[in-house]
Amino acid sequence: MAETASGSQDKSVQVKLVLLGEAAVGKSSVVLRFVSNEFQPNKEPTIGAAFLTQKCRLEDRILRYEIWDTAGQERFHSLAPMYYRNAQAAVVVYDVTKATSLEKAKSWVKELQRQANPNIVIALAGNKVDLVQSSSSSSGASSSPDSEDEADDATATPGETPGSPGEPESLRQVPREEAQAYAQEAGLLFFETSAKTGEGIVEVFTEIAKKIPIEHILAASRNNSGRPGAGGRGNNAREENVNLQDDQAKTKDACNC
Ligand SMILES: Nc1nc2c(ncn2[C@@H]2O[C@H](COP(=O)(O)OP(=O)(O)OP(=O)(O)O)[C@@H](O)[C@H]2O)c(=O)[nH]1
Ligand SMILES: [Mg+2]
C-alpha cells in the first residue's frame, strides 16, 4: 500500500541540528556517542565544524538529523551563525565540572534566541556527568578542574555516601538544580549527559525530536524541493509523502529513540 504516487517520496523528515558550547565540553563526543555509540578518550578539538547524520525513529515518524558539530574555540565563534541559521534544533553543551562553561552556554542560548530561527528547539546538556558520579566508572583521575576558589569539602570518599546524593561534589561545579532552573526559565529542554557512558544522550535527541514541529518542516521542504506547484501553507496536507511504514523496516541505523 502506501505508494499513492504523489510524486516526491521523502521517507524521512530532515532536521538540521547544531551543537554549540565552549571548547572541550564534549560536543563532538556527544555526537559520536549518538551517531556511532562510541567514545574516544582523547578526542581532538574540532576545526571549523563537522557534519554527521543520524536517523531517529519515533512512534509514527522518522527524523533524519543533519548535525553540525561546531568548534568551541573562540577563534571559530564568528562561523557559528552559518551553522545555526535555519537550524530547527540546537544542543548547547556545558561541562558539569566547569562553571564557566555554563556561562558560555547561556551566552549561546541568548545568541540563538536573538538570531536563530524563532521556532528553534533548544536543549541544554550538562555533559561529563560521569565525572561527578561516585558509583563505579568515574576514576576521577582524568581532568582535575581548575578549582579556583571554592573547594568545598575535598573529601571525595565515595565509599561513604552519607545518605544523600552520592556525588563527589568536589568535582561538580554546576549544581543540577541551578542549570535546570535556568533551562526552565529560558524555555529549554534540559539534560545531564555523559558521552563516556552514554547516559542521557539518546534522550536529548529523542526529546528534541518530539518537540520539533514536523508538519512545518514538511510543508517548508515541499515548498522548496523543486516542486514549484506544491501548494502553499497547508501544514498538515502532506503527510502521505512520509512513508514511514516502508522505512521502518529498513532503518537499522536508526537511533534507539
Ligand atoms: N569523562 C568524560 N570525558 C568526556 C566526556 N565527553 C567528552 N569528554 C572528553 O573531553 C574532551 C573534549 O571532548 P570533545 O568532544 O572533543 O569536546 P568538544 O566540545 O567537541 O571540543 P571542541 O571541538 O574543541 O569545541 C575529550 O578528551 C573527550 O574524551 C564525558 O562525557 N565524560
Ligand atoms: Mg569538537
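**The sheet**

Begin by selecting the strands of this predicted model. They include an open sheet of 6 strands, in which the pairing is mixed. Read across the sheet, the order is S2-S3-S1-S4-S5-S6. Colour strand S2 (49–57) and strand S6 (189–192) separately, since these are the edge strands, and each pairs on one side only. From one strand to the next, the twist averages 25 degrees.

**From the S2 edge inwards**

Select S2 together with S3. The two strands pair in the antiparallel sense, and 9 bridges hold the pairing. A hairpin of 4 residues makes the connection from S2 to S3. To find one point of register, display Ala49, which stands opposite Thr70 in S3.

Next, add strand S1 (residues 13–21) to strand S3 (residues 62–70). Here the sense is parallel, over 7 bridges. Centre the view on Val18: the residue opposite Val18 in S3 is Trp68. Val18 also stands opposite Ala90 in S4. The pairing between S1 and S4 is parallel and consists of 5 bridges.

**Strand S4**

Now isolate S4 (89–95). Are its faces covered or open? Both faces are covered. On one side are Ala89, Val91, Val93 and Asp95, and on the other Ala90, Val92 and Tyr94, all of them buried. Because 7 of the 7 residues of S4 are buried, the strand is largely enclosed by the rest of the structure.

Extend the selection to strand S5 (121–127). S4 and S5 are joined by 7 bridges in the parallel sense. Within this pair, Val91 has Ala123 of S5 as its bridge partner. To follow the chain between the two strands, select helix H3 (residues 99–115): the path runs from S4 through H3 to S5, and this β-α-β crossover is right-handed.

**Helices against the sheet**

Select H1 and keep the sheet visible. H1 lies across S1, S2, S3, S4 and S5, and it runs at about 35 degrees to S2. Then turn to helix H4 (residues 176–186), which packs on the sheet and touches S5 and S6. The direction of H4 makes about 160 degrees with that of S6.

**The ligand**

Return to helix H1 (residues 27–36), this time with ligand 1 displayed. How many residues surround ligand 1? The shell holds 25 residues, and the closest are Gly26, Ser29, Pro45, Thr46 and Gly72. Which element gives the largest share of this shell? Helix H1 does, with 3 residues. Colouring the shell by residue class shows 8 nonpolar, 12 polar and 5 charged residues.

**The whole chain**

Finally, show the complete chain and colour it by secondary structure. The chain has 7 helices and 6 strands. Followed along the sequence, these elements give the pattern β-α-β-β-α-β-α-β-α-β-α-α-α. Of the 257 residues in the chain, 35% are buried. If contacts are drawn between residues at least 6 apart in sequence, 72% of them join residues at least 24 apart.

Terms used: Residues numbered from 1 in each chain as written. Chains lettered and ligands numbered in written order. Predicted model: local features only at pLDDT ≥ 70, side-chain atom pairs only at ≥ 80, totals over all residues. Near = placed C-beta within 6 Å. Nonpolar A, V, L, I, M, F, W, Y, C, P; charged D, E, K, R; others polar. Pairing = 2+ DSSP bridges. Axes fitted to C-alpha atoms, helices over the stretch in contact; angles between N-to-C directions. Contact = placed C-beta atoms within 7 Å. Buried ≥ 20, exposed ≤ 12 C-beta atoms within 10 Å, placed from the backbone. Right-handed = clockwise from strand over helix to strand, strands pointing away.
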